[in-house]
Amino acid sequence: MTLDGGVIPHILCHRCSRIIHSDWVQERLARLEPWTGTSTWALDGDAGQEEKLRFFHSESLEKLEASAAAGCHLCTLISKKDQYFEWFKDEEHTGVVQVVACAGHSSVWLETSRIQELEIDEDMPHDLPGLDDWLEERYSQSLDFSGAWIMDDFVTVQLRKVQSDTYSPAAGPDSNLPLSASSDAPQVLESIQYWLKDCVDNHPECNRYSSTQKDPTAIWLPTRLIDVGEVPGKLAPRLVISAAEGLAKKKAHYLTLSHSWSISTKPHNLKLETENMTQLQDRIPFDDRLSKTFRDAMKITQQLGCRYIWIDSLCIIQSGTEAKKDWQREGLTMSDVYGHSRCNITALGTGGNDGCYTPRNPLQTSPCRIKVCDEKSAIYAVNSLLENTFTENVEQSPLFKRGWVFQESVLSSRAVYFGAPQLFWECRRQAFAESWPFKTGTPRVQERLTEPTLRATGDTPFSSKTVFEALCNTEEQQTDGSHEQKNREKHLIEHTFPSFLCWEKIVKTFIGTSLTFTSDRLFAVAGIARAIEHFRSFTYVTGTWRELYPLDLLWRFTRELGERKNVVSGSNAPSWSWAAKELDVQASLKNIARSGKNTQRPAHWDGNKRFLVESVTSVAYLSQLVKYPNPPFESKYRPDKEGEITIDLKGRVCMGLVKTELDIQGFPQDRLYVAGKDKTPVIVHMDDDTPADGLEVVLVMLMEWEGLVGNYWKRQFQAGLVLVAKDEGDKGGSTIYRRVGAFRTGELSECPVNAFDGSEMEEVLGIC
């Protein structure tokens with residue numbers, strides 16, 4: 001430790017140094033090829049082929065932690081103390097700590113664990129090589145880990161060879177300068193500046209908003225901004241009206257802030273009101289009336305070379321005579337506010353006094369340089385537990401359970417995350433963490449859609465930003481005028497389905513968040529919808545897209561077995577939109593055509609085509625979208641209470657009866673029996689959990705497909721909507737229906753391959 005509290009990186013204790021510099025490890029490190037940024041942490045190709053050598057490290061966990069506290073960088077990475085979960089502390093740290101050096105075809109890694117109930121004894125050698133032999137001998141004597149020998153507290157440290165020019169902070173990878181124990185440090189700021197400049201200069205996809213302006217010389221700015229002051233190091237914030245200040249002509253850039261809404265709702269925290277607007281235009285008090293999070297964000301804004309920042313509760317009127325009108329107007333500009341932002345500062349803290357900065361052990365958040373290979377490359381160690389830290393610290397944080405913050409994270413091209421044990425950066429191309437600040441290769445769009453999590457440690461990132469980018473950047477070929485079935489089928493598989501997958505991922509993630517008012521369900525995703533409309537020229541209404549028909553209508557909800565409850569939403573959305581329903585956190589959105597057994601998406605779209613799950617041999621639309629609504633502008637995002645938004649479908653229609661029966665596990669299950677057929681049950685997924693037994697319904701079939709199940713036998717599937725009559729006599733005497741569920745054939749083994757015989761009548765139905 002240094003006098004100013006900094007820590008010197010890359011220092012190894014004697015025991016770690018002897019492992020790293022052993023002939024066995026050095027020989028295998030010499031084989032490493034440079035890390036390209038596209039490989040994953042999974043040791044591809046190494047399973048079952050690895051070599052291992054066991055080393056004795058410490059007599060106890062306590063000794064290992066003491067070595068980490070003394071400043072050994074590698075001991076800090078392998079000890080896990082104060083990291084993402086603790087070592088088990090049973091039996092007071094008993095059990096020796098071992099390090100197993102492993103090598104495969106293309107990787108070298110260290111596996112560290114404690115072996116419980118293996119303690120030092122009088123016969124234990126006093127030299128380290130002798131201890132290695134002692135450990136190997138006793139390890140070989142018993143491999144029964146279900147008994148006295150238990151390996152737990154498993155940690156893996158990866159050793160990667162990295163090219164020096166891929167190290168992202170401008171300070172470079174070989175610096176031995178002390179690392180600060182706070183995220184409020186010059187080297188942290190330098191990393192952010194480097195990431196931001198590199199993205200602005202070299203990532204066209206992250207500059208998509210500015211590059212698609214009708215007037216390339218124009219700069220879009222929010223109605224109001226916070227001017228933090230022009231004198232470096234001296235913050236003098238005030239509220240400014242962008243147009244009145246002529247900021248567009250000055251080509252001013254601004255940042256945005258995402259934060260916990262509890263900051264803005266606390267009565268003692270300053271916010272914009274009708275009554276204090278003039279006062280805040282003169283001066284925003286930079287004291288305790290302004291939350292620490294806001295003060296830190298203003299400081300970061302100035303440090304990053306920007307003069308302006310947009311903060312919701314200071315830039316949108318929160319109370320007073322003009323508040324409602326101002327919110328309705330400004331709320332619909334969120335796609336532009338966050339889309340044109342230079343960078344979004346995300347404060348993960350849950351309270352205003354948490355601020356943006358956090359104390360931490362910098363050795364846990366910095367790669368440990370193990371070996372300098374030459375002037376162009378070096379080998380670094382990083383704890384592989386960091387692979388999931390973005391998910392744990394950011395995506396699973398309380399902040400990201402807020403629906404409005406999800407929209408902000410999708411729309412902003414760049415974001416820097418403060419408040420976690422380390423700093424994170426994310427843009428539409430790359431993701432960084434302080435613990436792994438090496439440039440990644442640019443993954444292909446299809447690779448970006450790989451489930452399940454975003455990794456911020458150099459792996460191919462999967463996040464809402466990359467999904468949004470893939471959706472907005474899809475090159476779509478329109479079908480020709482013939483509308484032949486083969487053309488429609490090709491278009492569905494190659495264009496509609498990939499776009500639908502992206503939108504489905506966005507909606508599923510959004511549904512898992514919470515809103516203070518359920519009536520805001522559509523309004524809180526309006527910014528995302530408007531941006532997609534801008535980039536793709538799609539037609540959007542209340543959560544669905546005309547261009548994604550019929551897939552976009554075949555949603556259903558999954559719930560725990562046996563759990564039945566009403567899910568009616570207060571959004572006033574039409575029954576055919578997912579936004580008409582409100583979910584609890586245990587439920588999720590799912591497409592009716594997606595199998596429950598296998599939800600993995602295909603790796604590519606050529607060769608053996610796959611549709612949703614099954615390898616498809618044919619696809620057919622069974623309906624046509626006759627009329628898609630064009631409601632008033634705001635009603636697309638926030639439907640009128642008095643208005644009805646109706647679609648008209650022309651398709652094959654038949655009658656049916658819903659019966660609630662018990663499945664083989666004794667849980668209630670709704671089965672649908674088609675009129676005029678004997679015992680042809682179809683599973684029906686009801687939208688609400690009101691009693692459905694004996695309910696007479698109308699079935700409209702939207703599509704069917706034939707696919708290979710298990711890649712060796714064909715099965716036919718059909719999917720559509722379950723409707724009931726809402727009322728009669730409207731629209732010239734025609735019946736208007738509302739959706740109550742969706743169905744898919746082929747889910748029951750006793751169900752015929754084709755549950756319908758083709759004799760259904762073709763009708764035009766209005767659904768509201």
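Reader: Which residue in β12 stands opposite isoleucine 345?

Author: Isoleucine 345 stands opposite valine 416 in β12. This is a predicted model, in which local features need pLDDT of at least 70 and side-chain atom pairs count only at pLDDT 80 or more, while totals for chains, interfaces and linings use all residues. Residues are numbered from 1 along each chain as its sequence is written, and side-chain values use heavy atoms, with hydrogens and water left out.

Reader: What makes β9 and β12 a pair of strands, and in which sense do they run?

Author: Strands are DSSP runs of E with at least two residues, helices are runs of H or I with at least four, and both are numbered from the N terminus. Two strands pair if DSSP finds at least two bridges between them. Strand β9 (residues 344-347) and strand β12 (residues 414-418) have 4 bridges in the parallel sense, so they meet the requirement of at least two.

Reader: What is the order of the strands in the sheet that holds this pair, and why do some of them count as edges?

Author: The open sheet has 8 strands in the order β6-β5-β8-β7-β9-β12-β13-β14, with mixed pairing. β6 (238-241) and β14 (431-433) each have a single partner strand, so one side of each is left without a neighbour in the sheet, and these two stand at the edges.

Reader: Why is strand β24 described as largely enclosed?

Author: A residue is called buried when its relative accessible area is under 20%, exposed when it is over 50%, and partly exposed in between (1.4 Å probe, protein chains only). In strand β24 (residues 681-686), 6 of the 6 residues are buried, so the strand is largely enclosed by the rest of the structure. Pro681, Ile683 and His685 point one way, whereas Val682, Val684 and Met686 point the other way, and all are buried. In a regular strand the side chains alternate between the two faces of the sheet.

Reader: Which strands pair with β24, and in what sense?

Author: Strand β23 (residues 668-674) pairs with β24 in the antiparallel sense over 3 bridges, and leucine 672 stands opposite valine 682 in β24. Strand β27 (residues 736-744) also pairs with β24 in the antiparallel sense over 3 bridges, and there valine 684 stands opposite phenylalanine 743.

Reader: Why is serine 58 called buried, and what makes its approach to histidine 57 a polar contact?

Author: Serine 58, in strand β1 (residues 51-58), has 3% relative accessibility, so it counts as buried. A polar contact is a pair of N or O atoms within 3.5 Å; within protein, one must be able to donate a hydrogen and the other to accept it, and residues adjacent in sequence count only if both atoms are side-chain atoms. The contact between serine 58 and histidine 57 joins their side chains at 2.6 Å, so it satisfies that rule for neighbours. Leaving out residues up to four places away in sequence, serine 58 touches Arg15, Lys63, Leu64, Val96 and Val97, where contact means heavy atoms within 4.5 Å.

Reader: How do you know that the buried residues of helix α3 line one face?

Author: In helix α3 (residues 61-69), the buried residues are Leu61, Leu64, Glu65, Ser67 and Ala68. Seen down the axis, they fall within an arc of 155°, so they line one face of the helix, the arc being that of the directions from the helix axis to the C-beta atoms. The face turned away from this buried side carries the exposed residues Glu62 and Ala69.

Reader: Why is lysine 251 called partly exposed and serine 537 exposed?

Author: Lysine 251 lies in the loop between α8 (242-245) and β7 (254-258), and its 44% relative accessibility makes it partly exposed. Serine 537, in the loop between α20 (526-536) and β15 (540-541), has a relative accessible area of 57%, and is therefore exposed.

Reader: What makes the backbone at these two residues worth a remark, and which peptide bond is cis?

Author: Most residues other than glycine have a negative phi, and most peptide bonds are trans. Lysine 251 has a positive phi near 55°, and serine 537 has a positive phi near 60°. The peptide bond from tyrosine 549 to proline 550 is cis, with omega near 5°, and proline 550 is in the loop between β16 (544-545) and β17 (555-558).
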